[in-house]
Every structure is written in structure tokens, then in C-alpha cells.
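User: I would like to learn how to read the features of a structure, one at a time. Please give me the general idea first and then the case at hand.

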Amino acid sequence: MGEDEVVIDPWGSSQSTDYSRIIDQFGLSSMESLSIPNPSRLHRRGIVFAHRELDVVLSSQKQGDPFGVLTGLMPSGQMHMGHSMVIDQVKWFQSLGGDVTIAVADLESQATRGVSLAKGRQIALEEYISHYAALGLDPEKTNVYFQSSRPVVQRLGFQLGKRTNLNEFESIYGFNGETNLAHVQAPLVQVGDILHPQTEEFGGLRPIVVPVGVDQDPHLRLTRGLASKTNWFNVNDGKSSGVVITLSIQDDNASAFGQLPNGRVDKERLKSIFAGIVSCLEHLGYSDILSNPKQGVVSVPSATSGDKSKIRVKLLEYERSLGGMGLLAPSSTYHHFAVGLTGEKMSSSKPKTTLFLRDELPVVEKKIKRAFSGGQATIEEHRRLGGNPDIDVAYQYMMYFFEDDDAFLAEMNSNYRAGKLLAGEMKQLCIDRATTWLKDMHEMRDQTAHLVEEFLALDAR
Ligand code: TRP
């Protein structure tokens with residue numbers, strides 16, 4: 001790893017905010033090329049700043065085809081405002097028609113933070129799900145489950161573990177010989193979390209999007225890689241144009257593909273596999289399909305790079321009919337982290353850095369009054385030089401959490417820079433909005449308490 005590379009550690013306490021470098025280094029796509037339907041506050045403000053293959057999900061949405069959204073919560077500590085950003089995004093996907101699955105990472109919390117399963121359950125319900133209800137997630141369209149009580153999640157993690165090794169974990173997560181094996185197991189369970197909604201039992205093949213902070217990207221890279229490695233058919237761009245499909249022959253599909261144990265090939269079997277590929281492509285409306293079983297290639301000259309994902313999905317269906325897992329690599333989106341109140345990283349274990357959803361209003365007021373400010377040292381200097389909203393926590397919290405009105409924010413931003421608005425005044429604006437927001441939310445929490453049970457999947461009750 002080069003010296004100037006950003007290291008992302010999902011369990012670490014450091015946090016890089018060099019987002020353009022993160023985009024480059026990890027091969028994320030920026031949001032610019034996408035057209036986002038009915039963009040939320042987080043989209044409009046550039047807080048959701050990157051994605052992997054979100055276009056696959058958006059095109060399902062556009063066509064009225066099913067898609068899902070999955071997230072997970074770590075049942076430890078208290079829910080804070082940073083956590084609520086993920087729920088904002090889940091709600092947004094839900095409003096676009098996505099079904100919602102939420103993993104309670106009770107196995108991970110037990111293994112990496114020493115929280116018992118019973119305690120994890122209690123924290124998940126009282127601290128997280130009750131707030132999700134208050135924040136307006138729809139219990140009818142949300143399924144919460146526990147890692148510990150959904151066997152398919154653990155089974156998938158175990159099964160896919162076969163397709164990776166310690167070297168890959170070392171390069172993705174920076175592990176070494178000292179690494180506790182709980183940190184090897186937890187990501188594999190998370191792979192199971194992310195992929196299992198595609199199984200027939202949990203909704204079947206459809207695009208799944210996982211909205212996360214960049215700290216979770218290592219898990220997505222791992223999951224996407226593992227899902228792709230199981231695929232029976234490769235779908236690639238042709239040399240000069242078109243799309244080319246080849247077989248990915250593996251131990252578990254060799255016989256289905258007509259590869260006989262004696263090294264010979266069952267030609268009839270192979271032919272029928274190719275006929276199946278052609279029929280998938282015909283269903284998609286292509287008429288210029290060139291099938292060459294001898295060379296092991298099917299090409300579609302008129303298909304474009306943008307057609308690959310629908311071809312892939314069709315072939316995954318076919319793979320399933322032949323006995324394969326048929327797993328589609330998950331899509332993901334990435335948001336900027338809100339800064340901690342003190343200017344350092346927001347963290348549950350440091351109450352001074354964050355607002356908790358259970359904080360009493362006087363506490364909230366006090367915390368914001370003490371927050372890191374982008375103002376100048378004296379009023380005179382502030383009037384003369386202006387403040388910096390980019391590092392001003394009060395401004396940032398309005399932008400991330402409490403203020404819906406873009407025009408108002410823009411005005412405060414320029415007034416602050418011009419020195420017309422003082423740091424104390426900015427804090428008061430934030431306190432007013434935070435107080436209203438939290439008061440409403442606390443009321444909602446009481447009113448929606450009876451819904452918590454309804455969020456739980458049958459295997460979680
Ligand atoms: N590892 C996540 C965390 O630390 C929790 C989690 C478990 C998760 N499974 C997930 C997040 C699946 C997103 C998707 O918070």
C-alpha cells in the first residue's frame with residue numbers, strides 16, 4: 001500500500017474526509033452522471049456523494065420493477081444523529097417503492113463489542129427500531145431481522161467464505177496475524193446480510209442497494225467480488241463493440257455445463273446451455289445473436305455497455321434455473337459523515353461529539369452552544385473577515401439534519417461568510433431548529449411505540 005493511500009477501516013476511529021481521493025482510489029462513481037428522481041435533501045446538498053451501480057436500481061425503479069434496500073444496525077450504544085442519516089436514505093428509497101430489510105448485527109456486536117445477544121436485542125428495539133418508527137419508516141414495508149436467528153445469512157457467509165482467503169482480507173481490511181478472527185467472521189456474516197434478500201425465500205432476484213458511509217465500503221467491495229465470483233456467466237464488453245458472454249466454469253457447475261469427469265465434454269449438454277443463453281437474449285429483444293459453443297462465446301454486436309446489467313440479470317435467472325445461486329452484485333451509495341460537535345469524529349462512545357436521539361432539550365442546547373465554530377475570535381474580526389460555514393458545526397447540522405429549506409441555508413451561508421451573521425447567531429438558529437426537530441421526534445416516538453413489533457420479521461418475533 002502506497003504511503004499516500006487512504007486506508008478505510010470499518011472498525012477504526014480515524015476517518016478520512018478526502019472524498020475525491022476516496023472516489024478515485026476505490027473506484028466509486030460520482031453522482032453527477034445520474035438523474036435522481038425526486039432528490040432528497042441529502043442528494044440536493046451533495047451529502048450523498050458517490051455510488052456503485054446505483055443506475056441498476058434506478059432503472060428497475062423507473063420500469064416499476066422490484067428493488068430492495070438493505071441496511072444494518074450495530075446494537076451497541078445509543079442512536080445518534082449520524083445514524084439517522086442512513087434512515088433518511090432508506091425512507092427515500094422506500095418512498096420510491098423499494099422493499100426494506102434491516103439487519104440487526106447482533107452477532108457482530110457480540111463478537112466485536114462483547115454485547116450479549118439478549119442485550120443486543122433490547123438495544124435494537126428500544127434504541128434503534130423505536131426511533132426508526134418515529135422517523136417515519138413504514139412498518140408495512142420494512143423487515144427487521146437478527147443475524148443470529150436467520151440461518152440463510154450465516155449459511156451464505158460460510159458458503160462464500162470458500163471464495164476468498166486471508167490474503168484478500170489482508171488487502172481489503174489490512175488484517176495481519178494478530179487480527180482476532182471475529183473480525184474475519186463478521187464481514188462474512190455481513191456478506192450474508194447483503195446478499196440474502198435475493199434468495200427466493202426473501203424476495204427473489206432483484207437489485208439491492210446498500211446506503212452506507214464510506215467506512216463500510218470494504219464490506220461492499222468484498223460482497224460484490226464474492227457475488228461475481230459465483231456467477232456462471234460472464235458478461236463483458238466486446239473488443240470493439242457489443243457485449244460478449246462466456247461461461248465461468250467452476251467445480252459446482254462443471255457437470256451442468258457438460259464437463260465430464262474424464263475430461264471430455266458432453267457436446268449436447270453444452271449446446272443446450274448455449275441455446276438457453278440465446279433464448280435469454282431473444283427474450284430481451286436482440287436479433288443479432290452470434291452463438292459459438294465451440295469457442296465458448298455468445299456475442300451480441302448491437303448490445304451496448306449500458307445493456308450489460310439487464311443481460312446479467314436475465315442470465316442470473318437462467319443460472320438459478322440450472323441450480324446456481326444467481327447472485328447479483330449489490331449496489332451502494334455513500335454519504336459524507338457529519339462532523340462531530342467538537343470538530344472531531346462523531347462517535348457514540350464520546351457523548352460530547354454528538355447529539356443522541358434521546359438527548360433532553362436543555363442538553364442539546366448546551367451541546368450546540370459549545371460546538372466547534374467557524375467564526376472569528378472576536379466580533380470585530382468576524383464582521384471584518386467573515387466566518388467559515390464549511391467548518392461551522394451549527395451550520396453543518398442545519399444542513400445535514402434540521403433545515404429543509406435550501407434557499408434559507410444558502411442565505412445563511414453567504415451572510416456568515418460576509419460577516420453579517422455571527423457565530424452565536426448561527427448557533428441559535430441551529431438550537432431553535434434542533435429543538436423543534438427533536439421535540440417533534442420525541443412526540444412521534446411515543447405515538448409510534450406500539451408499531452415497533454410490526455417492524456419485526458416473523459423470525460425476529
Ligand atoms: N457493520 C455495520 C456497522 O458496523 C452493521 C451492519 C451489519 C451492516 N450488516 C450490515 C451495515 C449490512 C450495512 C449492511 O454499523
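Analyst: We can start with burial. This is a predicted model. In helix 15, the buried residues are Val393, Ala394, Tyr395, Gln396, Tyr397, Met398, Met399, Tyr400, Phe401 and Phe402. A residue is called buried when its relative accessible area is under 20%.

User: How many of the residues of helix 15 are buried?

Analyst: The count is 10 of 10, and helix 15 (residues 393-402) is mostly covered.

User: What covers the buried residues of helix 15?

Analyst: The cover includes helix 2 (41-44), helix 4 (81-95), helix 16 (406-417) and helix 17 (423-448).

User: Next, sheets. How do I read one?

Analyst: Strands of a sheet pair through backbone hydrogen bonds, and the pairing is either parallel or antiparallel. One sheet here is open and antiparallel, with 4 strands in the order 7-8-10-9. Strand 7 (233-237) and strand 9 (290-292) each have a single partner strand, so each has one side without a neighbour in the sheet. From one strand to the next, the twist averages 15 degrees.

User: How many bridges join strand 7 and strand 8?

Analyst: Strand 7 pairs with strand 8 (residues 243-247) over 5 bridges, in the antiparallel sense. Within this pair, Val235 stands opposite Ile245, and Asn236 stands opposite Val244. The two strands form a hairpin with 5 residues between them. In the turn, Gly242 has a positive phi of about 75 degrees.

User: Which helices go with these strands?

Analyst: Helix 12 (residues 308-321) lies across strand 7 and strand 8, at about 170 degrees to strand 7.

User: Where is empty space left, and how do I look for it?

Analyst: Rolling a probe the size of a water molecule over the atoms shows where empty space is left. A search of the whole structure gives 1 cavity of 30 Å³ or more. The volume of the largest cavity is about 40 Å³.

User: Which residues line the largest cavity?

Analyst: The lining consists of Asn231, Trp232, Phe233, Val235, Arg312, Leu315, Leu316 and Glu319. Strand 7 and helix 12 are the elements that give two or more residues to this lining. Helix 12 gives the most, with 4 residues. Val235 thus has two entries in our reading: Val235 stands opposite Ile245 in strand 8, and Val235 is among the residues lining the largest cavity.

User: How many residues of each class are in the lining of the largest cavity?

Analyst: By class, 5 are nonpolar, 1 is polar and 2 are charged.

User: What is the pairing in the sheet with the order 1-2-11-6-3-4-5?

Analyst: The pairing in this open sheet of 7 strands is mixed. Its edge strands are strand 1 (29-30) and strand 5 (142-146), each of which pairs on one side only. Strand 1 pairs with strand 2 (residues 48-52) over 2 bridges, in the antiparallel sense. Ser30 stands opposite Ala50 in strand 2.

User: Which strands does helix 3 touch?

Analyst: Helix 3 (residues 54-63) packs on the sheet and touches strand 2, strand 6 (208-213) and strand 11 (331-335). The direction of helix 3 makes about 110 degrees with that of strand 11. Helix 10 (residues 217-230) also packs on the sheet, touching strand 2, strand 6 and strand 11. For helix 10, the angle with the direction of strand 11 is about 170 degrees.

Definitions and conventions:
Residues numbered from 1 in each chain as written. Predicted model: local features only at pLDDT ≥ 70, side-chain atom pairs only at ≥ 80, totals over all residues. Heavy atoms only, no water. Pairing = 2+ DSSP bridges. Axes fitted to C-alpha atoms, helices over the stretch in contact; angles between N-to-C directions. Contact = heavy atoms within 4.5 Å. 1 Å grid on protein atoms, 1.4 Å probe; cavity = no way out; pocket = protein on both sides within 12 Å on 5 of 7 lines; lining within 4 Å. Points joined across faces, edges and corners; volume = space filled by probe spheres on them. Nonpolar A, V, L, I, M, F, W, Y, C, P; charged D, E, K, R; others polar. Buried < 20%, exposed > 50% of the residue type's maximum accessible area, 1.4 Å probe, protein only.
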